[in-house]
Amino acid sequence: MSFFSFGQSAEIDVVLNDAETRKRVEHKTEDGKKDKYYLFYDGETVSGKVNVTLKNPGKRLEHQGIKIEFIGQIELYYDRGNHHEFVSLVKDLARPGEMTQSQTFDFEFTHVEKPYESYTGQNVKLRYFLRATISRRLNDITKEMDIVVHTLSTYPEMNSSIKMEVGIEDCLHIEFEYNKSKYHLKDVIVGKIYFLLVRIKIKHMEIDIIKRETTGTGPNVFHENDTIAKYEIMDGAPVRGESIPIRLFLAGYELTPTMRDINKKFSVRYYLNLVLIDEEERRYFKQQEITLWRKGDIVRKSMSHQAAIASQRYEGSTNTGNKPAVQNQDAEN
């Protein structure tokens with residue numbers, strides 16, 4: 001980004017030191033498109049260079065200081081303009097003065113805490129970015145560069161199966177069972193449905209994966225439900241005593257880890273919704289929450305030693321009792 005003032009202008013470019021080797025991943029932008037960003041984990045150092053290029057060599061560029069910031073923030077779309085920062089680090093690169101030629105400044109943010117996963121939703125956005133600023137009297141010169149953070153999790157110690165019943169008195173009695181309640185993002189949901197009593201004519205049955213995004217607090221709470229997947233279990237009428245197996249592969253769907261009460265601003269939860277439709281188009285359903293997490297028990301070779309240390313730290317701090325292992329860092333499966 002460049003600005004013009006008093007005959008001199010400058011361009012800022014932010015370049016990571018490991019840009020050539022660091023993994024890049026796709027991430028959804030606010031307009032629904034996907035771009036590629038550099039991937040980081042909690043505990044990793046963020047370092048690089050800020051290149052300031054003068055547009056008119058030989059002319060002075062006066063400034064009140066040059067700095068770079070590492071920022072993690074949450075923006076609620078219904079409250080635009082109020083950015084809730086949960087990480088804010090600053091490095092001064094140059095004191096107030098003047099520049100007569102282009103310069104490069106090194107920066108390093110060591111072992112940066114990045115407690116939450118990057119997320120772009122219906123009503124909220126959580127982002128991490130670097131922002132370089134040349135402060136000036138009239139108009140600052142700034143450049144931002146977004147990165148993506150994935151939360152690192154290990155296999156949860158407690159992962160009990162889900163067993164539930166759906167019943168309509170004297171008409172329908174179904175038991176269904178899923179092999180576990182917590183799944184990593186490339187997992188397979190395995191289950192069975194048992195028909196114990198069938199006196200209504202069921203013509204269709206499916207399982208839906210529903211994402212529920214909750215933002216705000218108190219009177220300003222907004223819920224957005226999004227059906228991520230529809231999996232047809234059966235097309236036709238079941239009979240008493242019949243059992244139907246379920247195998248639902250999650251890898252093909254756009255999912256994030258479960259996020260609970262992130263910085264007291266928003267949550268993202270996932271539900272399995274069993275839907276039955278009879279011949280008169282009446283719908284019967286039963287919903288059950290599941291926990292999604294990003295697999296991190298196998299550390300990629302490309303992942304830095306710092307992130308591996310953070311992984312161990314996270315493993316020791318989260319897997320207690322029945323608490324989901326989803327909020328603090330991650331490596332791809």
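**His27 and the largest pocket**

Biologist: Is His27 buried or exposed?
Modeller: His27 counts as buried, because its relative accessibility is 16% and the cut-off for buried is under 20%. Keep in mind that this is a predicted model.

Biologist: Which strand is His27 in?
Modeller: His27 sits in strand S3, which covers residues 24–28.

Biologist: And what does the side chain of His27 make a polar contact with?
Modeller: With the side chain of Thr120, at 3.3 Å.

Biologist: Which residues does His27 touch, not counting those up to four places away in sequence?
Modeller: Lys33, Lys34, Asp35, Tyr37, Ser118, Tyr119, Thr120 and Val148.

Biologist: New topic, pockets. What volume does the largest pocket have?
Modeller: About 680 Å³. The lining of that pocket has 26 residues, and the closest to the centre are Glu26, Lys34, Glu254, Leu255 and Arg294.

Biologist: Which strands each supply at least two residues of that lining?
Modeller: S3, strand S11 (119–120) and strand S19 (222–235). S3 gives the largest share, with 4 residues.

Biologist: How many of the lining residues are nonpolar, polar or charged?
Modeller: The lining of the largest pocket has 11 charged, 8 polar and 7 nonpolar residues.

Biologist: Where does the largest pocket lie relative to the domains?
Modeller: It lies between domain 1 (10–149) and domain 2 (162–293), because both give residues to its lining.

Biologist: Back to S3 for a second. What ties the two topics together?
Modeller: Strand S3 holds His27, and S3 also supplies 4 residues of the pocket lining.

Conventions:
Residues numbered from 1 in each chain as written. Predicted model: local features only at pLDDT ≥ 70, side-chain atom pairs only at ≥ 80, totals over all residues. Heavy atoms only, no water. Buried < 20%, exposed > 50% of the residue type's maximum accessible area, 1.4 Å probe, protein only. Polar contact = N/O pair within 3.5 Å; in protein donor to acceptor, adjacent residues only side chain to side chain. Contact = heavy atoms within 4.5 Å. 1 Å grid on protein atoms, 1.4 Å probe; cavity = no way out; pocket = protein on both sides within 12 Å on 5 of 7 lines; lining within 4 Å. Points joined across faces, edges and corners; volume = space filled by probe spheres on them. Nonpolar A, V, L, I, M, F, W, Y, C, P; charged D, E, K, R; others polar. Domains from an automatic or database assignment.
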